[in-house]
Amino acid sequence: MTKKTIKEGIKLVRESFEASIQSLKEDVVEMMERVEDLLVKSVDSLLNKDINLARQVIELDDSIDEMQNDIEEKTIELIALQQPMAKDLRIIFSIAKIITDIERAGDFCVNIAKETIKIGNEAHIKPLVDIPKMREIILDMLRNSKISFINENSKLAYRVGREDELIDNLYKDIYTEILMMIHSDSKNINQGTKLLFVGRYLERMADHITNICERIIYIVDGDNVEIN
(Lines give C-alpha, C1' and ligand atoms only; values in the text may rest on other atoms or scores of the structure.)
Protein backbone atom coordinates (compact mmCIF):
# COMPACT_ATOMS: atom_id res chain seq x y z
CA MET A 1 0.00 0.00 0.00
CA THR A 2 1.50 3.31 -1.07
CA LYS A 3 1.66 6.48 1.05
CA LYS A 4 -0.76 8.11 -1.36
CA THR A 5 -3.28 5.30 -0.88
CA ILE A 6 -2.93 5.54 2.90
CA LYS A 7 -3.48 9.32 2.80
CA GLU A 8 -6.52 8.90 0.60
CA GLY A 9 -7.90 6.28 2.98
CA ILE A 10 -7.37 8.54 5.98
CA LYS A 11 -9.03 11.39 4.11
CA LEU A 12 -12.07 9.26 3.29
CA VAL A 13 -12.40 8.13 6.91
CA ARG A 14 -12.16 11.73 8.10
CA GLU A 15 -14.75 12.91 5.57
CA SER A 16 -17.10 10.13 6.67
CA PHE A 17 -16.61 11.12 10.31
CA GLU A 18 -17.26 14.80 9.60
CA ALA A 19 -20.42 13.86 7.70
CA SER A 20 -21.58 11.85 10.74
CA ILE A 21 -20.92 14.81 13.05
CA GLN A 22 -22.86 17.09 10.71
CA SER A 23 -25.75 14.63 10.71
CA LEU A 24 -25.72 14.63 14.52
CA LYS A 25 -25.81 18.43 14.57
CA GLU A 26 -28.78 18.46 12.20
CA ASP A 27 -30.62 16.03 14.48
CA VAL A 28 -29.95 18.31 17.48
CA VAL A 29 -31.29 21.32 15.57
CA GLU A 30 -34.44 19.37 14.67
CA MET A 31 -34.95 18.46 18.33
CA MET A 32 -34.67 22.15 19.25
CA GLU A 33 -37.23 23.08 16.61
CA ARG A 34 -39.66 20.45 17.87
CA VAL A 35 -39.38 21.86 21.39
CA GLU A 36 -40.02 25.36 20.00
CA ASP A 37 -43.25 24.00 18.49
CA LEU A 38 -44.22 22.32 21.77
CA LEU A 39 -43.61 25.52 23.71
CA VAL A 40 -45.82 27.56 21.41
CA LYS A 41 -48.59 24.95 21.53
CA SER A 42 -48.44 24.33 25.28
CA VAL A 43 -48.79 28.01 26.22
CA ASP A 44 -51.41 28.55 23.52
CA SER A 45 -53.42 25.68 25.01
CA LEU A 46 -53.32 27.44 28.39
CA LEU A 47 -54.18 30.89 27.06
CA ASN A 48 -57.07 29.59 24.93
CA LYS A 49 -58.21 26.81 27.31
CA ASP A 50 -57.69 24.42 24.41
CA ILE A 51 -57.75 20.95 25.95
CA ASN A 52 -57.34 19.16 22.61
CA LEU A 53 -54.20 21.15 21.85
CA ALA A 54 -52.86 20.33 25.32
CA ARG A 55 -53.37 16.62 24.64
CA GLN A 56 -51.61 17.02 21.31
CA VAL A 57 -48.57 18.47 23.10
CA ILE A 58 -48.40 15.40 25.35
CA GLU A 59 -48.51 13.08 22.33
CA LEU A 60 -45.93 15.04 20.33
CA ASP A 61 -43.39 14.82 23.13
CA ASP A 62 -42.91 11.11 22.37
CA SER A 63 -41.13 11.98 19.11
CA ILE A 64 -38.62 14.12 21.03
CA ASP A 65 -37.88 11.22 23.38
CA GLU A 66 -37.34 8.95 20.38
CA MET A 67 -34.97 11.47 18.78
CA GLN A 68 -32.95 11.65 21.99
CA ASN A 69 -32.53 7.88 22.01
CA ASP A 70 -31.52 7.81 18.34
CA ILE A 71 -28.92 10.55 18.80
CA GLU A 72 -27.48 8.83 21.88
CA GLU A 73 -27.04 5.62 19.88
CA LYS A 74 -25.30 7.52 17.09
CA THR A 75 -22.86 9.16 19.52
CA ILE A 76 -21.96 5.77 21.00
CA GLU A 77 -21.39 4.33 17.52
CA LEU A 78 -19.15 7.24 16.58
CA ILE A 79 -16.95 6.80 19.62
CA ALA A 80 -16.82 3.02 19.20
CA LEU A 81 -16.14 2.91 15.45
CA GLN A 82 -14.06 6.05 14.90
CA GLN A 83 -11.07 7.62 16.61
CA PRO A 84 -12.28 11.10 17.51
CA MET A 85 -9.75 13.88 18.07
CA ALA A 86 -9.91 16.30 21.01
CA LYS A 87 -12.44 18.75 19.59
CA ASP A 88 -14.45 15.90 18.06
CA LEU A 89 -14.79 14.34 21.51
CA ARG A 90 -15.90 17.70 22.93
CA ILE A 91 -18.60 17.90 20.29
CA ILE A 92 -19.81 14.33 20.78
CA PHE A 93 -19.94 14.47 24.59
CA SER A 94 -21.48 17.94 24.53
CA ILE A 95 -24.19 16.81 22.10
CA ALA A 96 -25.04 13.95 24.46
CA LYS A 97 -25.57 16.50 27.25
CA ILE A 98 -27.35 19.05 25.05
CA ILE A 99 -30.02 16.58 23.94
CA THR A 100 -30.73 15.73 27.59
CA ASP A 101 -31.44 19.42 28.26
CA ILE A 102 -33.59 19.66 25.13
CA GLU A 103 -35.57 16.60 26.19
CA ARG A 104 -36.14 18.06 29.66
CA ALA A 105 -37.35 21.31 28.09
CA GLY A 106 -39.87 19.26 26.12
CA ASP A 107 -41.01 17.57 29.32
CA PHE A 108 -41.76 20.96 30.86
CA CYS A 109 -43.99 21.77 27.87
CA VAL A 110 -45.86 18.55 28.63
CA ASN A 111 -46.19 19.62 32.26
CA ILE A 112 -47.72 22.94 31.14
CA ALA A 113 -50.18 21.03 28.96
CA LYS A 114 -51.15 18.84 31.93
CA GLU A 115 -51.82 21.90 34.10
CA THR A 116 -53.96 23.29 31.27
CA ILE A 117 -56.05 20.11 31.26
CA LYS A 118 -56.49 20.35 35.03
CA ILE A 119 -57.66 23.97 34.78
CA GLY A 120 -60.02 23.02 31.95
CA ASN A 121 -62.60 25.63 30.95
CA GLU A 122 -62.38 27.45 34.27
CA ALA A 123 -62.15 31.23 33.97
CA HIS A 124 -58.64 32.47 34.59
CA ILE A 125 -58.24 34.16 37.96
CA LYS A 126 -56.09 36.88 36.34
CA PRO A 127 -55.15 38.06 32.86
CA LEU A 128 -52.23 35.89 31.72
CA VAL A 129 -49.68 38.54 30.79
CA ASP A 130 -46.33 37.45 32.19
CA ILE A 131 -46.60 33.82 31.04
CA PRO A 132 -46.78 34.79 27.33
CA LYS A 133 -43.88 37.21 27.93
CA MET A 134 -41.83 34.38 29.40
CA ARG A 135 -42.66 32.21 26.42
CA GLU A 136 -41.49 34.81 23.90
CA ILE A 137 -38.17 35.29 25.69
CA ILE A 138 -37.64 31.52 25.93
CA LEU A 139 -38.50 31.09 22.24
CA ASP A 140 -35.93 33.76 21.44
CA MET A 141 -33.40 31.96 23.63
CA LEU A 142 -34.11 28.65 21.90
CA ARG A 143 -33.79 30.12 18.42
CA ASN A 144 -30.57 31.99 19.18
CA SER A 145 -29.01 29.04 20.97
CA LYS A 146 -29.78 27.03 17.84
CA ILE A 147 -28.04 29.67 15.70
CA SER A 148 -25.04 29.73 18.04
CA PHE A 149 -24.85 25.93 17.87
CA ILE A 150 -25.02 25.84 14.07
CA ASN A 151 -22.45 28.63 13.65
CA GLU A 152 -20.31 27.68 16.68
CA ASN A 153 -20.73 31.21 18.00
CA SER A 154 -19.71 31.19 21.67
CA LYS A 155 -20.31 34.94 22.14
CA LEU A 156 -23.94 34.56 21.07
CA ALA A 157 -24.30 31.51 23.33
CA TYR A 158 -23.08 33.54 26.30
CA ARG A 159 -25.48 36.39 25.51
CA VAL A 160 -28.41 33.97 25.24
CA GLY A 161 -27.53 32.35 28.56
CA ARG A 162 -27.57 35.74 30.29
CA GLU A 163 -31.21 36.22 29.23
CA ASP A 164 -32.14 33.64 31.86
CA GLU A 165 -32.13 36.54 34.33
CA LEU A 166 -35.12 38.08 32.50
CA ILE A 167 -37.07 34.86 33.01
CA ASP A 168 -36.11 34.69 36.69
CA ASN A 169 -37.42 38.23 37.23
CA LEU A 170 -40.70 37.52 35.44
CA TYR A 171 -41.19 34.36 37.49
CA LYS A 172 -40.65 36.35 40.70
CA ASP A 173 -43.36 38.80 39.54
CA ILE A 174 -45.79 35.94 38.84
CA TYR A 175 -44.97 34.30 42.16
CA THR A 176 -45.55 37.50 44.14
CA GLU A 177 -48.78 38.42 42.34
CA ILE A 178 -50.38 35.00 42.62
CA LEU A 179 -49.42 34.56 46.27
CA MET A 180 -51.12 37.89 47.03
CA MET A 181 -54.24 36.71 45.17
CA ILE A 182 -54.26 33.44 47.10
CA HIS A 183 -53.92 35.27 50.43
CA SER A 184 -56.71 37.69 49.52
CA ASP A 185 -59.16 34.96 48.44
CA SER A 186 -58.87 31.24 49.21
CA LYS A 187 -60.91 30.46 46.09
CA ASN A 188 -57.80 31.30 44.07
CA ILE A 189 -55.69 28.57 45.69
CA ASN A 190 -56.46 25.76 43.24
CA GLN A 191 -55.84 27.56 39.96
CA GLY A 192 -53.27 29.91 41.47
CA THR A 193 -51.11 26.94 42.42
CA LYS A 194 -51.35 25.56 38.89
CA LEU A 195 -50.32 28.89 37.37
CA LEU A 196 -47.37 29.01 39.77
CA PHE A 197 -46.36 25.59 38.46
CA VAL A 198 -46.58 26.85 34.88
CA GLY A 199 -44.34 29.80 35.71
CA ARG A 200 -41.90 27.45 37.40
CA TYR A 201 -41.84 25.11 34.38
CA LEU A 202 -41.02 28.02 32.09
CA GLU A 203 -38.30 29.21 34.47
CA ARG A 204 -36.77 25.71 34.46
CA MET A 205 -36.88 25.61 30.66
CA ALA A 206 -34.74 28.75 30.56
CA ASP A 207 -32.28 27.07 32.95
CA HIS A 208 -31.92 24.13 30.56
CA ILE A 209 -31.35 26.45 27.61
CA THR A 210 -28.63 28.15 29.64
CA ASN A 211 -27.06 24.72 30.15
CA ILE A 212 -27.14 24.23 26.37
CA CYS A 213 -25.37 27.55 25.88
CA GLU A 214 -22.67 26.52 28.34
CA ARG A 215 -22.11 23.32 26.34
CA ILE A 216 -21.87 25.31 23.10
CA ILE A 217 -19.19 27.51 24.67
CA TYR A 218 -17.34 24.33 25.69
CA ILE A 219 -17.54 22.97 22.13
CA VAL A 220 -16.18 26.16 20.61
CA ASP A 221 -13.66 27.40 23.19
CA GLY A 222 -13.00 24.34 25.33
CA ASP A 223 -13.96 26.34 28.43
CA ASN A 224 -16.24 25.04 31.17
CA VAL A 225 -18.26 28.10 32.19
CA GLU A 226 -21.22 28.74 34.46
CA ILE A 227 -23.07 31.66 32.91
CA ASN A 228 -25.34 32.65 35.76
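User: Where is the place of Lys49 in the chain?

Analyst: In this predicted model, the place of Lys49 is in the loop between α1 and α2, the latter covering residues 51-81. The phi of Lys49 is near 55 degrees, which is a positive value in a residue other than glycine.

User: Why is Lys49 called partly exposed?

Analyst: The relative accessible area of Lys49 is 28%, and the term partly exposed is kept for what lies between the buried limit of under 20% and the exposed limit of over 50%. Lys49 is therefore partly exposed at 28%.

User: What makes Lys41 count as buried?

Analyst: Lys41 is found in helix α1, residues 3-47, and has a relative accessible area of 18%. Since buried means under 20%, Lys41 is therefore buried at 18%. Leaving aside the neighbours within four places in sequence, Lys41 is in contact with Leu53, Gln56, Val57 and Leu60.

User: Where is Glu152 found, and why does Glu152 count as partly exposed?

Analyst: Glu152 is found in the loop between α4 and α5, where α5 covers residues 154-162. With a relative accessibility of 24%, Glu152 must be set against the range between 20% and 50% that defines partly exposed, and 24% therefore makes Glu152 partly exposed. Although Glu152 is not a glycine, its phi is positive, at about 50 degrees.

User: How do you know how many disulfides the structure holds?

Analyst: The structure holds zero disulfides. Cys109 is in no disulfide, as the nearest cysteine sulfur, that of Cys213, is 16 Å away, whereas a disulfide calls for two cysteine sulfur atoms within 2.5 Å. Cys213 is likewise in no disulfide, the nearest cysteine sulfur being that of Cys109, 16 Å away.

User: Are Cys109 and Cys213 buried or exposed?

Analyst: Cys109 has a relative accessible area of 0%, and Cys213 has a relative accessibility of 0%. Set against the limit of under 20%, the value of 0% makes Cys109 buried, and 0% makes Cys213 buried too.

User: What makes α6 roughly antiparallel to α7?

Analyst: Helix α6, residues 164-184, and helix α7, residues 189-221, pack at an angle of about 170 degrees, and their axes are 10 Å apart. Angles over 145 degrees count as roughly antiparallel, and α6 is therefore roughly antiparallel to α7. Among the residues that meet are Ile167, Tyr171, Ile174 and Ile178 in α6 and, in α7, Leu195, Leu196, Leu202 and Ala206. The residues of this contact divide into 12 nonpolar, four polar and five charged.

User: Why is α7 described as mostly covered?

Analyst: Of the 33 residues of α7, 24 are buried, where buried again stands for under 20% relative accessible area. Helix α7 reaches 48 Å from its first C-alpha to its last, close to the 48 Å expected at 1.5 Å a residue. Just after α7, Gly222 takes a positive phi of about 75 degrees.

User: What makes Asn224 exposed?

Analyst: The place of Asn224 is in the segment after α7, and its relative accessible area is 64%. As exposed means over 50%, Asn224 is therefore exposed at 64%. Asn224 and Glu214 are 10 residues apart in sequence and, C-alpha to C-alpha, 7.2 Å apart in space. Beyond the neighbours within four places in sequence, Asn224 is in contact with Arg215 and Tyr218.

User: How do you know that the span of α3 is close to the one expected?

Analyst: Helix α3, residues 86-119, has 34 residues and reaches 50 Å from its first C-alpha to its last, and the span expected at 1.5 Å a residue is also 50 Å. Gly120 follows α3, and its phi is positive, near 65 degrees.

User: Why is Pro127 called exposed?

Analyst: Pro127 has a relative accessible area of 63%, which is to be set against the limit of over 50%, and Pro127 is therefore exposed. The place of Pro127 is in the loop between α3 and α4, the latter being residues 130-151. Pro127 and Glu165 are 38 residues apart in sequence and 23 Å apart in space, C-alpha to C-alpha.

User: How many helices and strands does the chain have?

Analyst: The chain has seven helices and zero strands. Of its 228 residues, 48% count as buried, and its C-alpha atoms fill a box of roughly 85 × 35 × 20 Å along the principal axes.

Methods: Residues are numbered from 1 along each chain as its sequence is written. This is a predicted model: local features need pLDDT of at least 70, side-chain atom pairs count only at pLDDT 80 or more; totals for chains, interfaces and linings use all residues. Side-chain values use heavy atoms; hydrogens and water are left out. Buried means under 20% relative accessible area, exposed over 50%, partly exposed in between (1.4 Å probe, protein chains only). Axes are lines fitted to C-alpha atoms, for helices over the stretch in contact, and angles run from 0 to 180 degrees between N-to-C directions. Helices (H or I, at least four residues) and strands (E, at least two) are DSSP runs, numbered from the N terminus. Angles under 35 degrees count as roughly parallel, over 145 as roughly antiparallel, 65 to 115 as roughly perpendicular and the rest as oblique. Contact means heavy atoms within 4.5 Å. Ala, Val, Leu, Ile, Met, Phe, Trp, Tyr, Cys and Pro count as nonpolar, Asp, Glu, Lys and Arg as charged, and the others, Gly among them, as polar. The expected span of a helix is 1.5 Å times one less than its number of residues.
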